[in-house]
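Student: I've got this model open and I'd like a close look at a single part of it. Could you pick one helix, walk me through what is buried and what covers it, and then work outwards from there?

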Amino acid sequence: MSLAAASTPTRLASPPAELAGRWELGLLVFMGLLYLAGVWINPAFFGSTDALAATLRDAARFGVMAVGMTFVIVNRELDLSVGSTVGLVATVFSIAYAPSHFDLGIGWAVGAAVVAGLAVGLVNGFLVTTLKVPAFIATLTMLFIGRGLVLGLTGGKTIAYEQKGGGDPGFFALGGTNAWGFDNQIVVFVLVALVGMVLLGKTRIGYETYAVGGNEQAARYAGIASNAVRRRAYLLSAFCATLAGLMNVAQDKGITSQNGQGAELIVIAAVIVGGAAIAGGRGRVLGACLGAVLVVLIDKVLREGVPTTRTIDVGGVPMEVQAVAQLPPGAVPAFLGLLLLIAVLIEPWLMRNGGPQRLWARLTGRPAPPPPAAGDVAIASVQTRGHAVDTHAAAKGALARFLARRDAAAILLAAAVWVAGLALRPDYWASLDNTFALALAFSEIAILAVGLAFVIGNGDIDLSVGSVLALSASVAAFSMKELELGPGAAVGLAMLAGLLAGMVNGWLTVRAGLPSFVATLGMFYMARGLAAWFTAGRQLSGFPESFNLLGRPLSDLLAAAGVTLERGTFLFDFSRAISVQTIFVVAVAIVAGVVLGRTHWGQMVYAVGGNERAARYAGIDTRAVRFWSLVFSALCAAAAGVIYAAYLRSFNPAAGLLRELDGIAAVIIGGGSIFGGYGTIVGALAGALVITLIRAILSLQILLPGGGSFVMPQHWMNVFIGLILISAVVADIWIRQEHILSRFRKPSGDPS
């Protein structure tokens, strides 16, 4: 032993940096302060050990999912399907186990649930690595398909098996209390967290995950099979979500059709709050688990409310009653969406760029510290979004030129679907009433697709359009019903709400540097939460008739203006078949089509989407192009919200739910590329028409030869739309960009 070593004083060893660090210590301190705040706000609940036990129990399932999500995010990707995976696993188990369904044994039920959950992970990995589908699109599609499967398999009903569950105490003990007085789910959480910590921090699996997330190209040069690492991450995420789903059914001994809904937001927020970088290459399992506990604790502090005493008048006698002041419905989801955005901004602003040190240097007048080396954080590789040019566009002949257009397939598909509907129900499909109904349904999707055509043409994405639709509709409804404003002011405020949402999306994307899907995912939850907040979760109706005319046939508007058309004439039939909103959509589409296809601004959109770096070198203000495209998309969604409220003459908090999937699918089906650089308004409208017609056919009552009829259950609708979207994206990648068909058209002896 050397003298220097012998003279060194003995110190307590700190935990390895791969397992824990100062960030986790800070989370513990913050959670302690937050818990004390909860004790001060509601001492009756937080002052007891029950609150701590309940917080840890509720955080256990999210913490288990956060362990798997950490591998995905460190890998520089995202898994939006974990909530649907939880619901699907619980549904498969319940259907297999419940006496009202297959009534299988516990072993078969658990096995079926595990197979279903792992299948989601395998599909996600296959789509992302083999088919090269962007991770957020692949997992977003699986989110909607999984949610559609849950609704379809359950029929929207509750499945319970509490009595049968008593005969299998071994499995259902997962959701019970043990001899030490706390829930067994906490034990599962701790065990999974420990395994995850060691796996990510101390094994080759973790080393490869950090390497691929930090710099995938360098990892491949080092001999790491990056695609295998990425598939493994999705499989681990699906496994953890599967375990969380089984924990759910073990506790509840039953499920509802809403099982697991929204869990992906909490899990992603937990991992980011726990110190992981959305750009990949950085994160620890312990931080993610503490982040899950913190998010659940915040949720409980917000939901428990403050005990108050209210005075009510009973027959002229004032009486004091105990009550609890709580936030209105929607406030908590809105806050969690905001928390996600704040958490994502922590890493680039505070951790990577040394924000606190720079602020302190500025306040004290000292020189700012140099930027930290990027070697210990995620390095975003250079991405040039380019595509092979389709030379077939120069083919001779009008038909050949048309078929070479990227939007030609959508136009032909729309015509084919319409003919199919006519063949199935000729007595109904071509009627005036059906035409009006199709035009109304088309208008909502079409106007969303018009705005998304600009965003997707930029190479960005907007996941918030459905929620912004709900937000603007709620603002219009609230203004007319609660504030008693006129229709003009209500529409103006609704459009202002959409403008602000779009500006927030744009600022977060181009100024804060967040990926557009992360920025708009936060707005996805915030806008829907605010919509429920404004209306207190209620349905509002009874709007002025002048407002309702925005969603009525043109004949109603003409009648209100004193114009009378003679019955039986073409103009009369046309005015009944065409709605005011359809005319508005057509006008917006014409203007947008000219701007995108025939102006300098449209060419800048394509340039930014095709190759942003080259566009910057060409002098294009790429930030402005991306910013105003997101703003325009939000304005289109706000207009769709106004139309929605006017057509239904009411507002429902579920307005616009899953409409973002329809809008994105419409643009991709219409020839747009999820990577940017392509897309037309005509194609987006054709894609919207395809989605509208497919939805109409799936809800069509088909007359059977024996005199009966058949209608596709609406719960399965999202499964079909999700499959259409993923098929369109795969076709865009492999047929339009990789030109896979050209490999089979090469003449024999062609050396290329």
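**Helix H28 and its surroundings**

Tutor: Let's start with the buried residues of H28, which are Val 580, Gln 581, Thr 582, Val 585, Val 588, Ala 589, Ala 592 and Leu 596. Keep in mind that this is a predicted model. The helix itself runs over residues 580-598. Its 19 residues reach 27 Å from the first C-alpha to the last, close to the 27 Å expected at 1.5 Å a residue. When you look at the spacing of a buried set on a helix, it helps to remember that an α-helix has 3.6 residues a turn, so residues three or four places apart point the same way.

What covers the buried residues of H28? Among the covering elements are helix H21 (432-457), helix H26 (554-560) and helix H29 (600-610). H31 and H33 are on that list too, and those two are worth following up.

Take H31 to begin with. This helix spans residues 622-648, and its 27 residues should cover 39 Å at 1.5 Å a residue; the end C-alpha atoms are 39 Å apart, which agrees. H31 is mostly covered, with 20 of its 27 residues buried. Right after the helix comes Arg 649, whose phi is positive, near 60 degrees.

Now for H33, residues 681-698, which packs with helix H19, residues 408-424. The angle between the two is about 25 degrees and their axes are 8 Å apart. That angle makes H19 roughly parallel to H33. The crossing of these two helices is left-handed. On the H19 side, the contact is made by Ala 410, Ile 411, Leu 413, Ala 414, Val 417, Trp 418, Ala 420, Gly 421 and Leu 424. H33 contributes Val 682, Gly 683, Ala 686, Gly 687, Leu 689, Val 690, Leu 693, Ile 694 and Ile 697. By class, that contact has 15 nonpolar residues, 3 polar ones and no charged ones.

For another helix to set beside H28, try H22, residues 465-481. Its 17 residues reach 24 Å between the first and last C-alpha, close to the 24 Å expected. Of those 17 residues, 15 are buried, so H22 is largely enclosed by the rest of the structure.

Arg 649 has some company as far as backbone angles go. Arg 76, in the loop between helix H4 (49-74) and helix H5 (82-97), has a positive phi near 70 degrees and is not a glycine. With a relative accessible area of 23%, Arg 76 is partly exposed. Lys 253 also has a positive phi, about 50 degrees, although it is not a glycine. You'll find Lys 253 in the loop between helix H13 (226-252) and strand S2 (254-255), and at 21% relative accessibility it counts as partly exposed.

Zooming out, the protein has 35 helices and 8 strands, and buried residues make up 51% of its 752 residues. Among contacts between residues at least 6 apart in sequence, 77% join residues at least 24 apart. For one pair that is distant in sequence, pick Ile 733 and Leu 131: they are 602 residues apart along the chain, with their C-alpha atoms 8.0 Å apart in space. Ile 733 lies in helix H34 (717-737) and, at 3% relative accessibility, counts as buried.

Terms used:
Residues are numbered from 1 along each chain as its sequence is written. This is a predicted model: local features need pLDDT of at least 70, side-chain atom pairs count only at pLDDT 80 or more; totals for chains, interfaces and linings use all residues. Side-chain values use heavy atoms; hydrogens and water are left out. Helices (H or I, at least four residues) and strands (E, at least two) are DSSP runs, numbered from the N terminus. The expected span of a helix is 1.5 Å times one less than its number of residues. Buried means under 20% relative accessible area, exposed over 50%, partly exposed in between (1.4 Å probe, protein chains only). Axes are lines fitted to C-alpha atoms, for helices over the stretch in contact, and angles run from 0 to 180 degrees between N-to-C directions. Angles under 35 degrees count as roughly parallel, over 145 as roughly antiparallel, 65 to 115 as roughly perpendicular and the rest as oblique. A crossing is left-handed if the near helix is turned anticlockwise from the far one by less than a right angle, and right-handed if clockwise. Contact means heavy atoms within 4.5 Å. Ala, Val, Leu, Ile, Met, Phe, Trp, Tyr, Cys and Pro count as nonpolar, Asp, Glu, Lys and Arg as charged, and the others, Gly among them, as polar.
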